[in-house]
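Me: I have a model open in the viewer and I'd like to learn how to read it feature by feature. Can you walk me through it?

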Amino acid sequence: MIRREDGAGGKYMSEFLKKRIFSRIDSSAGEIALSDMEDSADFDNAYVLTTDSYTAYPPVFRGGSIGSLAICGTANDLAVVGAEPAFMSLAFIIQEGFEDSVFERIMDDIAYWVEKIGVRIITGDTKVVEMNAGIFVNTSGIGMRNEHLERNLEAIKEHRDYPFRWVRDSGLRAGDEIIVSGTIGEHGLTMLLEREDLGFEIDIKSDVQPVWFAVRDALDVGGIVAMKDPTRGGLAETLNEMAEKSGVGIKIDEERVPVRDDVAGVCEALGLDPLTLANEGKVVLGVVNELAEDVLKALRMHDKNAEIIGYATDEFKEVVVETRIGTTKILPPPVMDPIPRVC
């Protein structure tokens, strides 16, 4: 029986994919294979492809909508391999009787971000169903090779070998610095507070936005060897994936992880770890040590809260956190996202 946990990110979803899907189908058209579980895959030296389905509830929330998530999320999956978002498909599955005003808001958000990012919607599909589905959105995106990516690859090779033609989440080596592009946990917590009247007075909204413009400027500095956007499962899942795929450990300083004080406070009251909450407008980067400070400066032109939070190491294979009180602990991957249907 298929469980909700099998599609909620984290350990259970990874096990489901490996056992039920990759055991039957696994192929590649270029450098990146299906079973690599990257955010995008290349099918030509110049192009990458990604696809995603969005089930967010509620479909409209503080800071955005399922439409914002679909366009920005797809663009972000392209950006984190170094590709410039260019073309997208757009498909809807809509419940019969779905409210017109809500759909109009979703379409307004889609139109806004399509123009802002500079992508073109060139094909799509719509189905209306009788079941209690609300609205689901599927998008696929094509990203293009670009001068910013090439500049980044050239800069890496001034410091060490790099066997990839795209930025891979498996590209870390010991000594690389780990950077997060801004404060974490806001999207997941926003979705929870939109659903439940928990009595917290907190001015919070989703961080949903495209990361391409910050990534583009960081690529121009160069030295980025690994990237991933910390969506389902949050920073904890992303760091564990990058460490496992790269065959290194990661050590982070809890004091340096950017979390808003009010977000941390609400999470503590609810027993949630902000490191496991979904983000929809942030990126985690691995950068060669020599260029990390310059990349950080470029990222801070877009978000002053960007921070170097740790480094890759060959001393161990886990993700380890140095806590505020000076102890260390292992940060395991979450078994699933603690807040379902956030994206």
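**Reading the contacts**

Reply: Let's begin with one residue's surroundings: D125 has a relative accessibility of 36%, so it counts as partly exposed. One thing to keep in mind throughout is that this is a predicted model.

Me: Which side chain does D125 meet in a salt bridge?

Reply: That would be K127, with N and O 2.6 Å apart. K127 is partly exposed because its relative accessibility is 44%.

Me: How many salt bridges does a search of the whole structure find?

Reply: The search gives 24. A good one to zoom in on is R168 with E38, where the closest N and O atoms are 2.6 Å apart. That pair links distant parts of the chain, with the two positions 130 residues apart. R168 is in the loop between helix 4 (147-157) and strand 8 (177-180), while E38 is in the loop between helix 1 (10-21) and strand 1.

Me: Are R168 and E38 buried or exposed?

Reply: Both R168 and E38 are buried. Now look at D207 and K282, whose side chains meet in a salt bridge at 3.0 Å, N to O. This pair also links distant parts of the chain, 75 residues apart. You'll find D207 in the loop between helix 5 (186-195) and helix 6 (212-221), and K282 in the loop between helix 8 (261-270) and strand 11 (284-287). D207 and K282 are both buried.

Me: Which residues do salt bridges that share partners join into one network?

Reply: The members are E31, D36, E38, D42, R165 and R168. So you've already met two of them, because R168 and E38 are the pair with the 2.6 Å contact, and each is buried.

Me: Let's move to rings. How is a pair of aromatic rings described?

Reply: By the distance of the centres and the angle of the planes. In this structure the search finds four aromatic pairs. One of them is Y112 with W113, an edge-to-face pair at 4.9 Å centre to centre with 80° between the planes. Y112 is partly exposed because its relative accessibility is 45%, whereas W113, at 14% relative accessible area, is buried.

Me: How far apart are the ring centres of Y162 and F164?

Reply: They are 5.3 Å apart, and the planes are at 90°, so this pair is edge-to-face. Both Y162 and F164 are buried.

Me: And where does the charged end of R3 sit?

Reply: Over the ring of Y12, 4.6 Å from the ring's centre. There's another case to click on: the charged end of R145 sits over the ring of W166, 4.5 Å from its centre.

Me: Now strands. Which way do strand 1 and strand 2 run?

Reply: Antiparallel, with three bridges joining strand 1 (residues 41-44) to strand 2 (residues 47-54). For a concrete anchor, pick A41, whose bridge partner in strand 2 is L49. The two strands form a hairpin, with two residues between them.

Me: How many bridges join strand 2 to strand 7?

Reply: Eight, and strand 2 and strand 7 (residues 135-144) run antiparallel. Here you can use T50 as the anchor, since its bridge partner in strand 7 is G141.

Me: What about cysteines? What is a disulfide?

Reply: It's a covalent bond between the sulfur atoms of two cysteines. The count for this structure comes to zero. Take C72, which is in no disulfide: the nearest cysteine sulfur belongs to C343 and is 13 Å away. C72 is buried because its relative accessibility is 0%.

Me: Why is C267 without a bond to C343?

Reply: Because the sulfur of C343 is the closest one to that of C267, yet at 17 Å it is too far for a bond. C267 is buried, with a relative accessible area of 1%.

Me: Last one: which residues does the UniProt annotation "domain: PurM-like N-terminal" cover?

Reply: The unreviewed entry gives residues 44-144. Over that stretch the chain is 32% helix and 45% strand, with the end C-alpha atoms 10 Å apart. The UniProt record also carries "domain: PurM-like C-terminal", again from an unreviewed entry, for residues 173-320. Across residues 173-320 the chain is 35% helix and 18% strand, and the end C-alpha atoms are 16 Å apart.

How values were computed: Residues numbered from 1 in each chain as written. Predicted model: local features only at pLDDT ≥ 70, side-chain atom pairs only at ≥ 80, totals over all residues. Heavy atoms only, no water. UniProt positions renumbered as here; feature names shortened; annotations may be inferred. Helix = DSSP H or I, 4+ residues; strand = E, 2+ residues; numbered from the N terminus. Phe/Tyr/Trp six-rings, centres within 6.5 Å; stacked < 30°, edge-to-face > 60°. Buried < 20%, exposed > 50% of the residue type's maximum accessible area, 1.4 Å probe, protein only. Lys NZ or Arg CZ within 6 Å of the ring centre and 35° of its normal. Pairing = 2+ DSSP bridges. Salt bridge = Lys/Arg side-chain N within 4 Å of Asp/Glu carboxyl O. Disulfide = S-S within 2.5 Å.
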